[in-house]
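Visitor: I should like to go through this model step by step, from its overall architecture to its local backbone features. Please let each answer close on the value or name requested.

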Amino acid sequence: MKKLLTNLCVLAKDKKAWLALIAGLFLTLSYAPFNLWHIAFLSLGALLYCINPLANGKNAAKRSAKYGFIFGLGWFGAGISWVHVSIATFGGMPLIASLGLMVVLCAYLALYPALAAWLSTRLASGPYSFVCLLLVSIAVTEYLRGTLLTGFPWLSFGYTQTDSPLNFLAPVIGEFGITLICVLIAFALYRLISKDIKPLIVSVAVLIGLYFIAGNSPVKYQDKTIKTVLVQGNIKQHLRFEPSEFWNTMSKYQDMTRLHWNADLIVWPEAAVPELEALATQYLSGLDSAATFNNTALITGIVDYQYDTRNIFNTLIVLGKKEPSDNEGHYQYLGHNRYQKHQLLPIGEFVPFQDLLRPIAPLFDLPMSSFTRGDEVQDNLRANGLNILPAICYEIAFADLVRGNYRSDSDILFTVSNDAWFGDSHGPHQHMQIARMRALELQRPLIRVTNTGISAVYDPIAKSQLSMPQFKADVLEANITLIQGDTLYSRLGNWPVWLAVLLLTVIGLIRKTKAKA
């Protein structure tokens, strides 16, 4: 205990430790709803100052890891503070326990920037081998953060540029590539302190090259505009899975839609129909008939519990017209025109070590927390002649998953969610920002509808968004111009970025070898 207190006192006197923490905290301002995207470069530059690429000696890598970890604590402590809203409101845990859980989560996530800082300092010799190996380390650790333990790719650096002038890079190198561009620019700005302009020249040259590649994109508007209707029910979270409220909720959505059947496409949020699909067939058949009669299609979220297999899926189904020429409804329970969520949310949709954790607290025994995974690759939904690329809630943060279900004839990127868990925090704004990035990468119009907001449509060419207020039962009518053509990112994914990472690895290690010689 005495040694721990001594280390804490030393840390408290470490000015660079405080700078790393503040830089991590301020990085949150780069994301939505603040959108001060330029702060990302300043925060990363401050971290580089703390690490000091020119430092050497046997303790240099250890010091770098320390500052990387402290930076990560600030980064995730402020950035995902909205997670505490759901734990405190719906988790049923004492305040001290919920805060402790948040500290554990943030400390785990902070291990990744700590590892990147340690690796780059440990392997590098000199500033240029350092930046090469830093980019490699960031690429590897961010990949691991997005995959290990089901992955948590939230708050990647690239999302800070969703609404910045650098968002032209998204259709070329994706958010993953933009993350590395952010690090490169931050390093260039850091080196200006030493009057070294070479990294800045390299950064500008890379951006110019990518700009010309982006300018040759075959993506363009189609001569087709559709009318869509988004229905936001604003159902209180504690009422969503109360059986006594099921019919009230279902009636509310039906009534809100009644005056808007004249659209080409109508969309409801995740699990907007709270009744199990097998028990709601009469209600769904009625909606199917109404949509077909009005020459439209309706997509809604619903929970599908299959009694024979005991599998339970978070599902999207299409009611009404599959093709414009259809004259009869086609709804059938377990019909093929559906999407089953693949990337499940830990704790919320499945509980690891459930026999151990479920008895501990209500947080680990939430309603609907035993879902089954759908297939990773599924067909697009077919609705009124449109091919709809779906993603449910948390899935939109997984770029490879969304791109894996993209097709050249996908017309619309469609995502549903229920962010009522996170109240009036910055979580729903970050969620919408992530969805916009997916639309920029694939250059497809985005429709996002949620229970309490943010529900919106987004045009990735015009970079314009039309949304309705949060926490209000409302309907949004929007005309969407369809887009055609495939982006470089949709064709190649992250392979060009990984090839660049491989090249940087070779360059960094060669420079280190020459420096030793």
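Visitor: How many helices and strands are there in the chain?

Guide: The model is a predicted one. Its secondary structure comprises both element types, and the count for the chain is 16 helices and 12 strands.

Visitor: What radius of gyration does the chain have, and what would a compact globule have?

Guide: The chain has 517 residues, and for that number a compact globule would have a radius of gyration near 24 Å. The C-alpha trace spans about 75 × 60 × 40 Å along its principal axes. The radius of gyration of the chain agrees with the globule value, at 24 Å.

Visitor: Which percentage of the residues of the chain count as buried?

Guide: A residue counts as buried when its relative accessible area is under 20%. The accessible surface of the chain comes to about 22,500 Å², and carbon and sulfur atoms account for 63% of that surface. Of the 517 residues, the buried share is 56%.

Visitor: Among contacts between residues at least 6 apart in sequence, what percentage join residues at least 24 apart?

Guide: A contact here requires heavy atoms within 4.5 Å. Taking the contacts between residues at least 6 apart in sequence, the share that joins residues at least 24 apart is 73%.

Visitor: How far apart are the mean positions of the positive and negative charges?

Guide: The chain carries 42 positive and 36 negative charges. The mean position of each set was computed, and the separation between the two is 18 Å.

Visitor: Which residues are joined by cis peptide bonds?

Guide: One cis bond leads into Pro33, in the loop between helix 2 (15–27) and helix 3 (39–51); its omega is about 5°. Another leads into Ile454, in the loop between strand 9 (446–450) and strand 10 (456–459), with omega about 10°. The joined residues are Ala32 and Pro33, and Gly453 and Ile454.

Visitor: Is Asn234 buried or exposed?

Guide: Asn234 lies in the loop between strand 1 (220–232) and helix 10 (246–257). Although not a glycine, Asn234 has a positive phi of about 55°. Its relative accessible area is 15%, so Asn234 is classed as buried.

Visitor: What is the relative accessible area of Lys463?

Guide: Lys463 is located in the loop between strand 10 and strand 11 (464–467). Lys463 is not a glycine, yet its phi is positive, at about 55°. Lys463 is classed as partly exposed because its relative accessible area is 40%.

Conventions:
Residues are numbered from 1 along each chain as its sequence is written. This is a predicted model: local features need pLDDT of at least 70, side-chain atom pairs count only at pLDDT 80 or more; totals for chains, interfaces and linings use all residues. Side-chain values use heavy atoms; hydrogens and water are left out. Helices (H or I, at least four residues) and strands (E, at least two) are DSSP runs, numbered from the N terminus. The radius of gyration is taken over C-alpha atoms; the globule rule is 2.2 Å times the number of residues to the power 0.38. Buried means under 20% relative accessible area, exposed over 50%, partly exposed in between (1.4 Å probe, protein chains only). Accessible areas come from the Shrake-Rupley method with a 1.4 Å probe; for residues, only the protein chains shown count as cover. Lys and Arg count as positive and Asp and Glu as negative; His and the chain ends are not counted. The place of a charge is taken as NZ of Lys, CZ of Arg, CG of Asp or CD of Glu.
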